[in-house]
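Hi there,

Here is the structure I promised to pass on to you. Have a look at it first, and then read on for what turned up.

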Amino acid sequence: MSKSASERVFGIADLVDCICENAAIRNDDGTLTNWYFFFTFARINKIAATPALREIWRHLDVHSARKILKLLPENPASQLTVIRGGDKPKTQQQIVQLELGRIFFYCEMVEFFHALGWTSIEATRLNDFLNLVQLHMPSKIVFPRLKSLLFPLTHGHCNLNLSGLGLTQIEHISVLSHPTFCSQLIDITPLFPVIRTLELKDDIVALSPWKETIKRAVGTMSSLRNLIITTSRSIAPYILADIATIPTIKMIKFNIRTSNHPEPPNINSFSSSRQSSRDLILKMTRGDFDIISTLLRQSQSVSISHSVLIFDGIDKDSIEQPSVDRAITAIVDTCPSLKMLTIIATRSSGSRFYRPISTEDDILVISSQTLEPLTRLSHITTLDLHLETALIITPTFLNHIAEFWSSLQYCYLSPFKRFELEKNEEPLLRLPDIIHFASRCPSLHTLGVVFDLELDIIEREGWFEQSPCLPVARAMKKLDVGSSGIWDHRRTASIISTAFPFLDNFAWTGPSFKSTMCMSARESEEWFKTQNLVFGLCS
C-alpha cells in the first residue's frame, strides 16, 4: 500500500526535527508556551516522538522537574534491590539503569536547567538520585546536553548537588545570590571548566563583594568570555575598570538598579594603570544617558575601546539635550572603532510606567546636529535608535551617513511621527531622499525612518513622474516608515516596489500606539493597502 503525503513527510527524521525546532514558541525565560502542540505532535509516530519530546524537555524548570521526580522511588537507595533476569543476576549498575532508564531518557534531552522554586524535599530527592548514579554509575552523565544552568545560593550554599549534574559541558551559568554570599562563588568555579557566560542576578553587587571575591573568581575562569552583573550606577565604573585587567572577558553587561549602598569615592580618584588597548562589548539595561558617558570615559582611562555598544531600557526621563549631547560626544571620543550602536529609550504602552504623549510640547526634539558627530565613526554597520522623541532627520544628515558609513547594514532612526517645527531649517525627508540614501549604501538591508509624503508636495514637485529615474536599492529587505503620512497608496506602492525590488518586510506605527506620535486610522489603512500592493497581495 502506498503511503500518504503526510506519512512520507513525517517519516523523514531530519524534516521532523526542523519542524519541531521552528514550531517552538518560548517565553523570555525559555519556557515553552505551546507545549500542548508538541504533546499532540509526539503521537504521530515514533520518528516524530523524539524531537517533540526534546522540545518539551529542553527547558527543565521546577514544574517539569516535578514530573521527573514522580518517577523516582521514595527512597531510591533502599528500593533498588537485586533483580534476577533469567539465570544471571543483575549487577547494581544494571539495576540502576533498568529502574531509572525512563528518567535518564528525559534528562538526556535537557539543555537548560533552572533550579528555582525547589522545596527542600524536592532538592533532597534529586540529590539522592544524583548521588545514587554517582555511586553505581560514576561515568554516567545525567544531563549530557546541558548548556545553561540557573540556580540560587541559599545562605551561601546551593541546595543542589552541582557536581552530580555533570557540569563539564556547561557554558552559561546564572546565579541568584545575595552579595554577602558571593564568597561561595570561588568554591564552585572549578566545576565549570568551559563556562562562557556568568550572570549574577537578583541583588545588587556592591563594591566590597566584587573586590574581595567576585573579581578573583572571574579571574580564575580562563574560558569565561561574557559577564552579566546587576549593580548600581555608582559601582559599574569600578567594575569596568577591573575588567580591564582580565583580558579573557570580551563582553560585559550591566543591569543598573537603584542602590541603598553607600556611595564609593569619586570616580576621578582612580589611579588608572595603563593597559594595552583592548576591545570590549559593552551592554547596559535600566540606566540613563549620564551613566553612558561615565562608563565610556572610564573605559578610555583604562585603555578599553568598544566595537559594540547596546544600551537598552534607558530611562526615558533622562532624554535631555545636555545628557544626550554628552553621551554622543563620549561615544565618538572613546569608540573610534565602533561597529554597532543601539540606544533604546522608550516606554511601551503595556508598561505601568507608560504615560501617553498628549501634546507636541511634551516631546523633546533631537536634531540632526546632535547626531552629526556620529558620522565620524567610519566603521559603523548598525545604528539602532529607539527614542521616544522627535528626531529631526534631514537629507543632509542622511547624505553624510551614506558618505562616511560605506558598510552600513542596519539603520533605524526612531521612526515615530515628526512635526513641522519652526527651527527646522531644512525640509523634511521625502521618499526620494530615502531611496537615494538606500541606493548609496550597498549593504543596507534594514531602514526605519519617517518621511513626508503629502499629496500637494508630491504633485507640485512631480515625484511620481520622476520615479523611473530614481535609483534602485537591491539590498533592502525591510522598510519601517513609522508614522509617515501618506495619501495615495497606489502611487506610493509603485515607487516603493520599483526602488526596493527585493523588499520582504514592511512596517509602520499604527493608531494602536496611543500617542500623538502615531498616524491616523486613515493613514494606517492607506499603508496597509500599500503593503498589499507592494507584495502583490491584491490588485
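**A glutamate in a helix**

Let's start with Glu-523, which lies in helix α19, residues 521-534. Please keep in mind that this is a predicted model. Is Glu-523 buried or exposed? With a relative accessible area of 14%, Glu-523 counts as buried, because buried means under 20%. Leaving aside residues up to four places away in sequence, Glu-523 touches Gly-485 and Ile-486. Ile-486 is 37 residues from Glu-523 in sequence, yet the two C-alpha atoms are 6.0 Å apart in space.

**The chain as a whole**

Now zoom out. The chain has 539 residues, and 50% of them are buried. Along the chain there are 19 helices and 21 strands. If you take the contacts with a separation of 6 or more, 80% of them join residues 24 or more positions apart. The accessible surface of the chain is about 25,700 Å², and carbon and sulfur atoms account for 52% of that surface.

**A pocket**

Rolling a probe the size of a water molecule over the atoms shows where empty space is left. One place to look is the second largest pocket, which holds about 430 Å³ of space. Its lining has 17 residues, and the closest to the centre are Asp-28, Asp-29, Gly-30, His-114 and Lys-201. Which strands each supply at least two residues of this lining? They are β4 (112-114), β5 (148-152), β6 (172-177) and β7 (197-202). Sorted by class, the lining of the second largest pocket has three nonpolar, seven polar and seven charged residues.

**Closed spaces inside**

How many cavities of 30 Å³ or more does the structure hold? The count is three.

The largest cavity has a volume of about 50 Å³. Its lining is made of Leu-60, Ala-65, Ile-68, Leu-69, Cys-107, Trp-118, Leu-126 and Phe-143. Helix α5 (residues 62-69) gives the most to this lining, namely three residues. By class, the lining of the largest cavity has eight nonpolar residues, with no polar and no charged ones.

The second largest cavity has about 40 Å³ of space. Around the second largest cavity you will find Phe-289, Val-324, Ile-328, Ile-343, Ile-366, Leu-371, Leu-385 and Leu-387. Two elements, α13 (321-334) and β16 (382-387), give two or more residues to this lining. The lining of the second largest cavity divides into eight nonpolar, no polar and no charged residues.

**Aromatic rings**

A pair of aromatic rings is described by the distance of the centres and the angle of the planes. In this structure there are nine aromatic pairs. One of them joins Trp-35 and Tyr-36, which meet edge-to-face, 6.1 Å centre to centre and with 80° between the planes. Trp-35 also pairs with Phe-39, again edge-to-face, at 5.5 Å centre to centre and 85° between the planes. Trp-35 and Phe-39 are separated by about one helical turn, because they sit four residues apart in helix α3 (residues 35-41).

Together, Trp-35, Tyr-36 and Phe-39 form one aromatic cluster. How open is each ring's residue to the outside? Trp-35 is partly exposed, at 44% relative accessible area, and Phe-39 is partly exposed as well, at 30%. Tyr-36 counts as exposed, at 59%.

**Two residues with positive phi**

Most residues other than glycine have a negative phi, and most peptide bonds are trans. With that in mind, look at Arg-286, which has a positive phi of about 60° although it is not a glycine. Arg-286 is found in the loop between β11 (281-285) and α12 (289-301). Ser-303 is not a glycine either, and it has a positive phi of about 60°. You can find Ser-303 in the loop between α12 and β12 (304-305).

Are these residues buried or exposed? Arg-286 is exposed, with a relative accessible area of 52%, whereas Ser-303 counts as buried, at 11%.

Enjoy exploring, and write back whenever you like.

Best wishes

Conventions:
Residues are numbered from 1 along each chain as its sequence is written. This is a predicted model: local features need pLDDT of at least 70, side-chain atom pairs count only at pLDDT 80 or more; totals for chains, interfaces and linings use all residues. Side-chain values use heavy atoms; hydrogens and water are left out. On a 1 Å grid over the protein atoms alone, a cavity is a set of points where a 1.4 Å probe fits but cannot get out, and a pocket is an open set with protein on both sides within 12 Å along at least five of seven lines; lining residues have an atom within 4 Å of a point. Grid points are joined across faces, edges and corners, and a volume is the space filled by probe spheres set on the points. Ala, Val, Leu, Ile, Met, Phe, Trp, Tyr, Cys and Pro count as nonpolar, Asp, Glu, Lys and Arg as charged, and the others, Gly among them, as polar. Buried means under 20% relative accessible area, exposed over 50%, partly exposed in between (1.4 Å probe, protein chains only). Contact means heavy atoms within 4.5 Å. Accessible areas come from the Shrake-Rupley method with a 1.4 Å probe; for residues, only the protein chains shown count as cover. Rings of Phe, Tyr and Trp (its six-membered ring) pair if their centres lie within 6.5 Å; planes under 30 degrees apart count as stacked, over 60 as edge-to-face and the rest as tilted.
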